[in-house]
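Let us read a model together, one feature at a time. Rings and empty space are the topics.

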Amino acid sequence: MAVYTEVSDDELARFIDGYALGRLLSFKGIAEGVENTNYLVHTTDGTFILTLYEKRVDPADLPFFLGLMEHLSAAGVTCPLPVRDKSGRVLNELAGRQAALITFLEGVWPKRPKVVHALELGTALARMHIAGEGFPLKRANALGVAGWRPLFDKFSSRTEDICDGLHDLIADELRYLERSWPKDLPQGVIHADLFPDNVFFVEDALSGIIDFYFACNDAFAYDIAVCLNAWCFDAKSQYEPEKGAALLAGYDSVRPLTDAERAAMPVLARGAAMRFLLTRSYDWLNTPKDALVARKDPADYVRRLKFHQSVGSIADYTARQT
């Protein structure tokens, strides 16, 4: 989450008047994340998240994102729900942006994930994949392997502004991934961005999953690979195999991985590391200086990528390192 578009008190009060949510009491910007503008909104009827969709979000994708939340919630996944206005709409306009109000979930995201968090995450991720079956809308992964080279081309001439050798590292890895990317793996709706700040816990129990604005149709195992990158490294980007083991065990307990998914995991993990190295590098170079947004250091994903390059099999993600 982030704030790129400022909203005035009067604008927001008029916007809230369109909903049966009582009177606006207060609101404040949320700096976490990089994609859309988000505010925490308090009314006399409760607490909500206001999201203004920025230019990187295709308006044509919004029915998929919002409809998916409703579908998953109906299937038993705890996630935010879009709030319908007095006319029954989930989408409106505010400050020149498409905007939606989303219900607020209780809980906090883990700043330092523990093994128990990884186990809970794996279980919830598998349940989410199963719950997504039957969702009628489709959305291709815009940040899948086919999208990585075009994204790299947008900033490749400036990579050395981030760190020495980054250009060649990315170029070599892209060539490997493009020729090695696995095909015909089990697919369905995936979250594609399930970082710790998108998962809430009450104590050590997972209380909900948020931020479905990268959700798409892709390989289930790729979603796991994203989580291996996001949850299983420490603050110095050193891999923690006990967390990887817990994540995979939790997932397997609900939806056992196929042999093909297990064999593909090292390549998928390299690809997930590349996806976030590319987007974080782009954002590092292009985020407006006055944006209320927490930038993420691309160097963290350089270290993750190099670790995955050394992995030979899925067993390496669960074996305790010596």
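**Reading rings and a pocket**

A: Start with a charge and a ring. The charged end of K111 sits over the ring of W109, 4.3 Å from the ring centre. Keep in mind that this model is predicted.

Q: Over which ring does the charged end of R270 sit?

A: Over the ring of Y176. The distance from the charged end of R270 to the centre of that ring is 3.8 Å.

Q: How is empty space found, and what is the volume of the second largest pocket?

A: The general idea first. A probe the size of a water molecule is rolled over the atoms, and this shows where empty space is left. Here, the second largest pocket has a volume of about 610 Å³. Its lining counts 24 residues, and W109, K111, P196, A230 and R304 are the closest to the centre. W109 and K111 are thus familiar: they form the charge-over-ring contact described above.

Q: Which elements give two or more residues to that lining?

A: Helices α6 (220-231) and α9 (299-309) do. The most comes from α9, with three residues.

Q: How do the residues of the lining divide by character?

A: There are 12 charged, 10 nonpolar and two polar residues in the lining of the second largest pocket.

Q: What describes a pair of aromatic rings?

A: Two values: the distance of the centres and the angle of the planes. With centres within 6.5 Å as the cut-off, the count in this model comes to 19 aromatic pairs. Take F65 and Y213. Their centres are 5.6 Å apart and their planes stand at 90°, which is edge-to-face.

Q: Where do F65 and Y213 lie in the chain?

A: F65 is in helix α2 (residues 62-74). Y213 is in the loop between β8 (205-209) and β9 (216-219). The pair links distant parts of the chain, 148 residues apart.

Q: Are F65 and Y213 buried or exposed?

A: Both are buried. They also belong to a cluster: ring pairs link Y53, F64, F65, F135 and Y213.

Q: What is the geometry of the pair Y239 and Y317?

A: Edge-to-face, with 5.8 Å centre to centre and 75° between the planes. Y239 lies in the loop between α6 and α7 (241-252), and Y317 in the segment after α9, so the pair ties together parts 78 residues apart in sequence.

Q: Why does Y239 count as buried?

A: Because its relative accessibility is 10%, and buried means under 20%. Y317 is buried too, with a relative accessible area of 0%.

Definitions and conventions
Residues numbered from 1 in each chain as written. Predicted model: local features only at pLDDT ≥ 70, side-chain atom pairs only at ≥ 80, totals over all residues. Heavy atoms only, no water. 1 Å grid on protein atoms, 1.4 Å probe; cavity = no way out; pocket = protein on both sides within 12 Å on 5 of 7 lines; lining within 4 Å. Points joined across faces, edges and corners; volume = space filled by probe spheres on them. Helix = DSSP H or I, 4+ residues; strand = E, 2+ residues; numbered from the N terminus. Nonpolar A, V, L, I, M, F, W, Y, C, P; charged D, E, K, R; others polar. Phe/Tyr/Trp six-rings, centres within 6.5 Å; stacked < 30°, edge-to-face > 60°. Buried < 20%, exposed > 50% of the residue type's maximum accessible area, 1.4 Å probe, protein only. Lys NZ or Arg CZ within 6 Å of the ring centre and 35° of its normal.
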